[in-house]
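Colleague: I would like a close look at one part of this model, the main nonpolar core and the helix that goes with it. Please take me through it in one piece.

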Amino acid sequence: MSKMVSLEEIAQNLLARDDFVICGHIGPDGDCLGSQLALAFALRSLGKAATCLLAKADAVDYSLSQLPGMQDMVVAKDFDGVAGTFVTVDVPSAMRMGEEAARLHGEAAHTISIDHHLSREAPSQLNY
């Protein structure tokens, strides 16, 4: 069941959980990668585990590849494990995640989507 929620409810859910996988859309741009990396940094600063995924193994623009934390990103098809909480950022629909990331999203116990795009699809259990 998916529903639209407030940022306060998203924050409460992030604080209540400890293990996160964060994924953006296929062909990530600066706002996508920056959102992933910033959220991972914030969660880690709270003592939580956070892994950032690249939806596909596509090359990232050189200027974006220099962002702090990019070297630790994992391609979705290479992720080994199950996401306790799968968070999508800048992803308006499951289709924009790609097949492997969408599979991981579907297997996660908890799913959260944070996006600035208006969409009729609410891909996660909790959506903002």
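Modeller: The largest nonpolar core in this predicted model has 20 residues. Those with the most contacts inside this core are Leu 14, Ile 22, Leu 39, Leu 43, Met 73 and Val 87. At least two residues of the core come from each of H1, E2, H2, E3 and E5. H2 supplies the largest share, five residues. A second core, of 13 residues, lies apart from this one, and its members include Val 21, Cys 23, Phe 79 and Ala 101. As background, nonpolar side chains in soluble globular proteins tend to be buried together.

Now the helix itself. H2 runs over residues 30-45, which is 16 residues. From its first C-alpha to its last it reaches 22 Å, close to the 22 Å expected at 1.5 Å a residue. The buried residues in H2 are Cys 32, Leu 33, Gln 36, Leu 37, Leu 39, Ala 40 and Leu 43. These lie on the same side of H2, because the arc they cover around the axis is only 160°. The face turned away from that buried side carries Phe 41 and Ser 45, both exposed. Just after H2 comes Gly 47, with a positive phi of about 85°.

Several elements cover the buried residues of H2. Among the helices that do so are H1 (7-16) and H3 (62-65). The strands include E2 (19-23), E3 (49-54) and E5 (85-89).

Met 73, one of the core residues with the most contacts, also touches this helix. Leaving aside neighbours within four places in sequence, Met 73 is in contact with Leu 33, Gln 36 and Leu 37, which are among the buried residues of H2. The other contacts of Met 73, counted in that way, are Cys 52, Leu 53 and Leu 54, and the range of E3 is 49-54.

One further residue can be followed from E5. Phe 86 and Thr 111 are 25 residues apart in sequence, yet their C-alpha atoms are 4.8 Å apart in space. Thr 111 sits in strand E6, residues 110-114. With a relative accessibility of 6%, Thr 111 counts as buried, since the cut-off for that is under 20%. Beyond its neighbours within four places in sequence, Thr 111 is in contact with Phe 86, His 105, Ser 124, Gln 125 and Leu 126. For Gln 125 there is a specific distance: the side chain of Thr 111 reaches the backbone nitrogen of Gln 125 at 2.8 Å.

Methods
Residues numbered from 1 in each chain as written. Predicted model: local features only at pLDDT ≥ 70, side-chain atom pairs only at ≥ 80, totals over all residues. Heavy atoms only, no water. Helix = DSSP H or I, 4+ residues; strand = E, 2+ residues; numbered from the N terminus. Expected span 1.5 Å × (residues − 1). Buried < 20%, exposed > 50% of the residue type's maximum accessible area, 1.4 Å probe, protein only. Arc of directions from axis to C-beta. Contact = heavy atoms within 4.5 Å. Core = buried A, V, L, I, M, F, W, Y, C linked by side-chain atoms within 4.5 Å. Polar contact = N/O pair within 3.5 Å; in protein donor to acceptor, adjacent residues only side chain to side chain.
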